[in-house]
Amino acid sequence: MLHQNSVFHSLLKHVPWDEFDRAVERHGADRLARKLDAKRHFIALLFGQLSGAASLREIVTGMASHATRLYHLGAAPVKRSTVSDANTQRPWQVFSELFAAMLPQAHRGLRRKSADAVRLIDSTSVRLSSLSKEWATFSADVFGAKAHIVYDPQADRPVYFAVTRSNVNDITAAKVMPIEAGVTYVYDLGYYDYAWWARLDAAGCRFVTRLKKNTPLTVLRERRVPEDSNIVSDCIGHLPERLAASRRNPLQVPVREIRVIIDTGKMLRIVTNDLDAPAQEIADLYKQRWQIELFFRWVKQTLRIKRFIGISENAVRIQIAVALIAFLILRLAQAAQKTVHSPLDFARLVRANLMHRRPIDRLLEPLQPIWINPNQLSFGLYFP
């Protein structure tokens with residue numbers, strides 16, 4: 001009888017286990033582990049993400065119900081208290097580094113010139129309970145964390161993430177993000193910092209963002225705008241030379257302001273250091289920023305990141321990292337098959353069939369009956 005792996009087993013083949021083992025060794029993540037090593041811990045959390053479990057208890061009972069199929073995964077049923085302790089004590093960097101190690105694999109075949117690469121930057125807040133007040137207090141009765149994401153809209157994948165307390169400003173987190181020389185960064189008013197813009201410009205990056213309503217621009221020259229478009233004006237000039245009487249603006253290069261009327265009738269002041277590209281191209285780049293909003297919505301709804309299974313800062317960081325790893329795994333698995341084209345439909349099918357023994361590229365096909373050879377118990381002895 002032919003053995004058929006479960007859908008979960010097929011998904012785990014996309015995990016670079018050698019990289020994971022090296023991260024575990026670097027951080028000594030198994031040094032104090034007695035009952036739950038890092039691999040079994042990760043598989044349990046990934047099971048929770050892919051199955052849609054909303055609590056540790058759901059993860060524990062769900063894995064227990066499939067105990068006979070966990071052996072081939074290198075896993076075993078887990079206990080709630082053991083997973084809770086691991087979420088608190090195991091270094092979150094292990095899972096963050098696994099995410100980083102999977103990025104080249106997820107972007108394979110999608111390499112492009114730096115000049116053509118676009119990065120969207122934004123953050124999303126997640127509410128936490130009062131049990132997390134020791135590290136995640138935002139105000140008197142509001143508690144939460146922030147996930148800061150750099151997103152590649154052309155590959156439909158995140159390329160960097162960081163987790164902070166909810167009261168950390170977006171620009172504070174952006175200043176420690178790695179800058180890729182030569183790419184285009186698109187972001188909103190949360191990243192309004194001329195010194196950071198100057199760093200992007202010095203790295204040969206193109207930036208596209210918004211100007212505040214009260215920011216003056218000294219116009220040097222105006223460019224013609226296309227007819228019958230939503231472009232109102234296109235001009236090149238300088239931002240204020242000084243930010244205060246004693247502080248000079250670090251961004252001294254000419255910039256370009258493009259005023260655009262959006263669908264709601266509101267006018268946006270888009271600013272960029274690209275002085276040559278067509279105005280419509282710049283406007284379209286800024287419009288792409290909404291793709292990261294859709295990504296946040298998809299992750300929160302599909303991977304259940306709206307509810308956390310731990311209260312400590314370490315547990316929250318681990319869950320966000322595992323959620324993004326699950327996203328990459330789903331994208332890799334979907335790219336390897338040609339039957340299901342919708343990412344949302346594919347994620348739903350994976351959830352419904354996670355522990356079923358069936359090929360991952362045939363999730364829409366009915367299960368085939370297992371063929372049993374009627375002669376399999378016959379010895380087939382032959383006497384001449």
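Select Asp228 to begin: this residue is exposed, with a relative accessible area of 83%. The structure on display is a predicted model. Asp228 is found in the loop that joins β6 and β7. Its backbone deserves inspection, for Asp228 is not a glycine and yet has a positive phi of about 55°.

**The strands on either side of the loop**

Next, select residues 231–238, which form strand β7. This strand and β6 are paired in the antiparallel sense, over four bridges. For one facing pair, display Thr218 together with His238 of β7, which stands opposite.

**The whole sheet**

Now extend the selection to the sheet. Nine strands make up this open sheet, and their order is β3-β2-β1-β4-β5-β11-β10-β7-β6. The pairing among them is mixed. At the edges are β3 (157–165) and β6 (218–222), each of which pairs on one side only. With direction ignored, neighbouring strands of the sheet are turned by 25° against each other on average.

**A second aspartate**

Move to the loop between β2 (143–152) and β3, and select Asp156 there. Is Asp156 buried, partly exposed or exposed? Its relative accessible area is 26%, so Asp156 counts as partly exposed. Asp156 also has a positive phi, of about 60°, although it is not a glycine.

**A helix across the strands**

Select residues 194–202 to show helix α9. Helix α9 lies across four strands: β1 (118–128), β4 (184–186), β5 (206–210) and β11 (267–272). Relative to β5, the helix runs at about 155°.

**The nonpolar cores**

In soluble globular proteins, nonpolar side chains tend to be buried together. To view the largest nonpolar core of this model, start with Phe8, Leu11, Phe42 and Leu46, which touch the most other members among its 92 residues. Then add helix α12, residues 313–335. This helix gives the most to the core, contributing 14 residues.

Which residues does Leu46 touch, not counting those up to four places away in sequence? Display Phe8, Leu12, Val322, Ala326 and Ile329 around Leu46 to see these contacts.

Finally, select Val150, Val159, Tyr187 and Val255, which are included in a second, separate core of 26 residues. Two of the elements already visited help to place this selection: β2 covers residues 143–152, and β3 covers 157–165.

Conventions. Residues numbered from 1 in each chain as written. Predicted model: local features only at pLDDT ≥ 70, side-chain atom pairs only at ≥ 80, totals over all residues. Heavy atoms only, no water. Pairing = 2+ DSSP bridges. Axes fitted to C-alpha atoms, helices over the stretch in contact; angles between N-to-C directions. Contact = heavy atoms within 4.5 Å. Core = buried A, V, L, I, M, F, W, Y, C linked by side-chain atoms within 4.5 Å. Buried < 20%, exposed > 50% of the residue type's maximum accessible area, 1.4 Å probe, protein only.
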